[in-house]
There are 2 protein chains.
Amino acid sequence: MSGVNGSRAVVLASGGLDSAVTAAIARRDGHELYFLTFDYGQRHAVEVRQARRLAEAMAVTHHLVCSVDLRAIGGSALTGDQGVPKDFDRPGRASEIPVTYVPGRNLIFLSLASAYAETIGAESVYFGANVLDYSGYPDCRPQFIRAFEKAVKEGTKAGVEGRALRVQAPLLALSKADIIREGVALGVPLALTHSCYDPVGDLACGQCDSCRIRRDGFRTAGVVDPTRYAIT
Amino acid sequence: MSGVNGSRAVVLASGGLDSAVTAAIARRDGHELYFLTFDYGQRHAVEVRQARRLAEAMAVTHHLVCSVDLRAIGGSALTGDQGVPKDFDRPGRASEIPVTYVPGRNLIFLSLASAYAETIGAESVYFGANVLDYSGYPDCRPQFIRAFEKAVKEGTKAGVEGRALRVQAPLLALSKADIIREGVALGVPLALTHSCYDPVGDLACGQCDSCRIRRDGFRTAGVVDPTRYAIT
């Protein structure tokens, strides 16, 4: 399946709501979609399965699942043995960095995505970073994205030869409710998306920070939440 | 074993000559050494074994071997099915990018190293990039290294909090002969280092570009080459 303008985009696909809406935006922008999902030793391996379902539902050109051992690198509740916090105050203040922060995660993921983009000749990488819900993550800030683009320009064959890679984060300034409304408008199969940090079998836990933000978002957007939660 | 000034450094350790000399320089600079080696689906898995031997010989504090599936990302003779070129003209002119270039390799490796550095509280990452022998690789240039440091500053908790990571490439402007002389001066066990792109069992092939540069380096430095080559 070719994009309207024939250009390719790599989409960081986690199986979550944000990356699904991001993928739909990349397609609306006229790109042919190449999904890239990381199997990084996360406790929620369900991410990979959800991403596969979404890739199929969206009929992407190719879906690459790439293993990278972030568990070896360590340092976060999402990959290590620390518990995932429940019911603590919502993060989002600039001065606080949540314990779910994985050191360098977006730096690593965007680096791999940039390499993949260069290999397939894609001109863009799309990812679902969002500063409102996750302002505590330094690697979700525009300053980081611009600095990263510059590093890619200086450090890749494509960049040196003048084919600069654009890193697109179209959700950066949107609220979760705005993202959900955009997803509905673009026909994203929201029921296939997954956000939970700590799922219980096939169910979202309903209590972790990610679940709470998601539930609030659906409520605020006035959209029925198709998610199946363990605790409602 | 603690460094003279108590600070930690992550050293990208490939098992090769350059990274071994780089590690010795990091130690001379007073750092406690943390080796990071990538198992990235390279055909020369011997790299990992050599890096382990070197880590043991240098009694580093910790040696982390991290898997990352660069083969999935594709795009180069070093990870894919293309042959490794033999006996072609020595690369090194700024306008040529060798086929052994792996898209985004140093970007990916330095990203993982930066995450590891943040996890263990290291202030520096040392790597053995060298512009004279490898000027065809865009990600071995000072412009790239500075741009990468800026991306880390903007994208990591440590950077945002003012603990900037330094990326040190002490071999950047040295010739291979200079690197070998420095290695001898610092007591690096050069016989344990490995450079070959296409080894024959335990032997270096003696013909690939990396072997040729290494042999020329020892010859120019006036140092006996301890390498065992398949073809002399």
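I will talk about how the two chains of this predicted model are related, and about one helix, α4.

Let me begin with the symmetry. Chain A is superposed on chain B by a rotation of 180 degrees, with 0.0 Å of shift along the axis and an RMSD of 0.0 Å, and the two copies are therefore related as by a two-fold rotation axis. In chain A, the C-alpha nearest that axis belongs to Val68(A), at 2.1 Å from it. Both copies use the same surface, in that 100% of the contact residues of chain A recur in chain B.

Now to the contact itself, to which chain A contributes 39 residues and chain B contributes 39 residues. On the side of chain A that touches chain B, the elements that each supply at least two residues are β3 (62-67), α3 (70-73), α4 (105-120), α5 (142-155) and α6 (157-160). Which of the elements gives the most to this side? It is α4(A), with 10 residues. By class, this side of chain A has 20 nonpolar residues, 12 polar ones and seven charged ones.

That brings me to α4 in the other copy, chain B, where the helix covers residues 105-120. At 1.5 Å a residue, its 16 residues should span 22 Å, and because the C-alpha atoms at its ends are 23 Å apart, the expected and computed values agree. The helix is also mostly covered, since 15 of the 16 residues of α4(B) are buried. Just after α4(B) comes Gly121(B), which takes a positive phi of about 75 degrees.

Definitions and conventions
Residues numbered from 1 in each chain as written. Chains lettered and ligands numbered in written order. Predicted model: local features only at pLDDT ≥ 70, side-chain atom pairs only at ≥ 80, totals over all residues. Helix = DSSP H or I, 4+ residues; strand = E, 2+ residues; numbered from the N terminus. Expected span 1.5 Å × (residues − 1). Buried ≥ 20, exposed ≤ 12 C-beta atoms within 10 Å, placed from the backbone. Least-squares fit on C-alpha atoms with pLDDT ≥ 70 in both. Contact = placed C-beta atoms within 7 Å. Nonpolar A, V, L, I, M, F, W, Y, C, P; charged D, E, K, R; others polar.
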